[in-house]
Amino acid sequence: MSEGEDHQVPLPEYRPASFHALWKLLGESDSSLEWLEVAVRELLRQHRDDGTPAATALAQRHAVKVNDLNVDALKSHWARLQITTVAQYLELFLDNYRVEIPRQVRSRSNKEDLVTYTLDVFKAKKASVGELQCGLVDYYRKVRNHLVHDPAAEDPKMLTRQAEELRKVIETTSTPYRSLVAPNPPAAVSFDDFVLFSRALKDFSKGLCSSVFLTDEELRAKILANRSLLSSLRKQNASERQRKILANYVRQHFGFYLRAESLAEGFLHEGLLAQR
């Protein structure tokens, strides 16, 4: 990486259904919320340039009954909705991800958050997943909780301090996040915070999948549990055709793109289809 070049988190080899589902949700959400941001900015521009009557006339044109436009409240509530949306996707991803790893883990304690719990039960180190990404998703998770449960309260000093510390790390690190004016304290969250949270969550998911993934034995067990797949493989007369079908199945459902062929060949050589 050349000097000054932003460090991109590489895609993981292991890409389960939860990973693909998260990226699909974030892609659709990002696109929709970006256009909604355009609409909000245009409304605020019209209100600023042409006054309240013009904004009210716009609402009437679309047959929407509205109260007087509170610009500050609109900005604040809109930013909160953006953060809350991404936070929901974070929790959904972690819930589904844990189910996909067939290991016995302890139950989550009462006050333990999903990020800390997931990293702990799978013994995933923040340094491997991404220290900055772990810090960012943890921060915005806390921001979401603050905004949803007690939005009228003053920003906790802890969150303000955490935002400042994360901002310093971003400013002094080769990261694509540097172009964003974020993170901000809860009362000042903006569109940049939404963009940062979404990007950080994608990178967090990459790091987690690179750190915690199916072992060969766990993958083998999942394949053996798929009766339809095994039946299809047994109908093939040529071993080469069996290997291709199995490798494609592994790629489609679990990733392992660089190893899919060798994994398929190894499983078949070890008598995968001999087991009933």
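Let me start with the aromatic cluster: Tyr14, Phe93, Tyr97 and Phe256 are linked into one by ring pairs. Keep in mind that this is a predicted model. In total, the structure holds eight aromatic pairs. One of them joins Phe191 and Phe194, where the ring centres are 5.6 Å apart and the planes stand at 45 degrees, so this pair is tilted.

Those two residues both belong to helix H8, residues 191-211, and because they are three residues apart, about one helical turn separates Phe191 from Phe194. As a reminder, an α-helix has 3.6 residues a turn, so residues three or four places apart point the same way. Are the two rings on buried or exposed residues? Phe191 has a relative accessibility of 16%, so it counts as buried. Phe194 is buried as well, at 1% relative accessible area.

Another aromatic pair is Tyr249 with Phe254. Here the centre-to-centre distance is 6.0 Å and the angle between the planes is 70 degrees, which is edge-to-face. Tyr249 and Phe254 are both buried.

That brings me to helix H9, residues 216-224, since Tyr249 and Phe254 turn up again in its contact with H11. On the H9 side the contact is made by Leu219, Lys222 and Ile223; on the H11 side, by Leu246, Tyr249, Val250 and Phe254. By class, six residues of this contact are nonpolar, none is polar and one is charged.

How are H9 and H11 oriented? Their packing angle is about 105 degrees, and the axes lie 12 Å apart. Angles from 65 to 115 degrees count as roughly perpendicular, and H9 and H11 are therefore roughly perpendicular to each other.

Which residues of H9 are buried? They are Glu218, Leu219, Arg220 and Ile223. The buried residues of H9 pack against three helices: H10 at 227-234, H11 at 239-254 and H12 at 260-269.

Next, another helix pair, H3 and H6. Helix H3 covers residues 71-100 and helix H6 covers residues 131-149; they pack at about 120 degrees, with 9 Å between their axes. The 65 to 115 range for roughly perpendicular does not take in that angle, and H3 and H6 are therefore oblique to each other. Their crossing is left-handed.

The contact itself involves Arg80, Ile83, Thr84, Ala87, Gln88, Leu90 and Glu91 from H3. From H6, the residues are Val137, Tyr140, Arg141, Val143, Arg144, Leu147 and Val148. Sorted by class, the contact of H3 with H6 has eight nonpolar, two polar and four charged residues.

I will finish with two histidines. His47 sits in helix H1, residues 17-50. Its relative accessibility is 18%, and because the limit for buried is under 20%, His47 counts as buried. What does His47 touch, leaving aside neighbours within four places in sequence? The contacts are Thr52, Ala55, Leu69 and Val71.

His269 is in helix H12, one of the helices that the buried residues of H9 pack against. His269 has 70% relative accessibility, so it counts as exposed. In sequence, His269 is 30 residues from Ser239; in space, the C-alpha to C-alpha distance is 9.7 Å.

Key:
Residues numbered from 1 in each chain as written. Predicted model: local features only at pLDDT ≥ 70, side-chain atom pairs only at ≥ 80, totals over all residues. Heavy atoms only, no water. Axes fitted to C-alpha atoms, helices over the stretch in contact; angles between N-to-C directions. Helix = DSSP H or I, 4+ residues; strand = E, 2+ residues; numbered from the N terminus. Parallel < 35°, antiparallel > 145°, perpendicular 65-115°, else oblique. Left-handed = near helix turned anticlockwise from the far one by under 90°. Contact = heavy atoms within 4.5 Å. Nonpolar A, V, L, I, M, F, W, Y, C, P; charged D, E, K, R; others polar. Phe/Tyr/Trp six-rings, centres within 6.5 Å; stacked < 30°, edge-to-face > 60°. Buried < 20%, exposed > 50% of the residue type's maximum accessible area, 1.4 Å probe, protein only.
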